[in-house]
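Reader: I would like a close look at one part of this chain, taken slowly, with the terms explained as they come up. Please set that part in its surroundings before moving outward to the rest.

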Amino acid sequence: MNRRLLRNRLAVLAFLVILGAAATAFLAPHLPLGDPDAVDTPNRLHPPLTAGHWLGTDEFGRDLLARLIWGARVAGVATAGAAMLIGVVLGIVGGYYSGWTETVVMRLTDILMAFPYILLAIAIVAGLGPGLRNAMIAITIVGFPIYTRLVRGIVLSVREREFVEAARALGSPDRFILVRHIVPQLLSPVIVAFSLDVGAKILATAGLSFLGLGSQPPTADWGSMLATGRQFVILSPHVVMLPGLAIFVIVLALNLVGDALRDLLDPRTYSR
């Protein structure tokens, strides 16, 4: 019980951190921040707590606080949401309908999952061209097979249940069966998978930006901030430590919330 209570407290704290980061990023245009892309070379590499720059400046004299807040707007929520939507739809189709439809969906999923995740994303971005939009497309493509596999497995087990067979015997159309009986069974596992996947998508987006394939300069992005700041890690470690710490805190908070949701939505955990 004490462990469960401690975990819930951590989850509440993590949720507050995520909520605060999301609200700050959303309100970034209305906050009293400087231009995150404004270059001020004479004031380059100032340490934190410098007058006018609470978190210091980077190698071009740009305010790090402003760039961190604006960089939070380039996150993995949109890519995780798109991957979830595509994966859930394909998983339902591949699990509920048999024959060539199932074969096409699952062979496509198998092909995508046969490649290393990040290498396939890099190859797709290399073909489409560098840029945040193309990076998001690549991450969505390599990310949806996870949802497809998860959803198909659930649909395969549910479609043979007695209440589904009874609905078919009563002449219910497939659309009614899917909406009334299949989709509700998917909500809990998909919500948990999504909450854990957002952190992975943030890491993937930052990784592509770190390699120069994501958002392009001068757009503020945590991954590109790590890439450009790594050469100053000895002289001015805050330039690279701050975006790295931001990624660490947000991803850790998302994982804590995801674990709490899994415990909350899985009734088997209450029997432990």
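Author: In α9, the buried residues are Trp222, Gly223, Ser224, Met225, Leu226, Ala227 and Gly229, where buried means under 20% relative accessible area, exposed means over 50%, and partly exposed lies in between, with a 1.4 Å probe and protein chains only. Seven of the eight residues of α9 are thus buried, so the helix is largely enclosed by the rest of the structure. Helices here are DSSP runs of H or I with at least four residues, strands are runs of E with at least two, and both are numbered from the N terminus. The model is a predicted one, in which local features need pLDDT of at least 70 and side-chain atom pairs count only at pLDDT 80 or more, while totals for chains, interfaces and linings use all residues. Residues are numbered from 1 along each chain as its sequence is written, and side-chain values use heavy atoms, with hydrogens and water left out.

The cover over the buried residues of α9 includes α2, α8 and α10. These elements return in the largest nonpolar core, a term for a set of buried Ala, Val, Leu, Ile, Met, Phe, Trp, Tyr and Cys residues joined through side-chain atoms within 4.5 Å. That core has 18 residues, and those with the most contacts inside it are Leu68, Ile202, Trp222 and Ile247. Two or more residues of this core come from each of α2, α8 (174-210), α9 (222-229) and α10 (238-265), and α10 gives the largest share, seven residues. Ile247 shows how these parts meet: leaving out residues up to four places away in sequence, Ile247 touches Leu203, Ala206, Trp222 and Leu226, a contact being heavy atoms within 4.5 Å. A second, separate core has 15 residues, among them Ala83, Leu120, Ala121 and Ala138. As a general matter, nonpolar side chains in soluble globular proteins tend to be buried together.

Helix α8 also holds Val198, which counts as buried because its relative accessibility is 5%. Not counting residues up to four places away in sequence, Val198 touches Gly76, Val77, Ala80 and Leu254. The C-alpha atoms of Val198 and Val77 are 5.7 Å apart in space, although the two residues are 121 apart in sequence.

A charged residue can be followed in a similar way. Arg62 lies in the loop between α1 (2-26) and α2 (64-71), and Arg62 is buried, with a relative accessible area of 8%. Beyond its neighbours within four places in sequence, Arg62 is in contact with Pro36, Asp37, Ala38, Val39, Gly56, Thr57, Arg67 and Pro218.

Stepping back to the whole, the chain has 10 helices and zero strands. Of its 272 residues, 42% count as buried, and the C-alpha trace spans about 75 × 50 × 30 Å along its principal axes. Among contacts between residues at least 6 apart in sequence, 71% join residues at least 24 apart.
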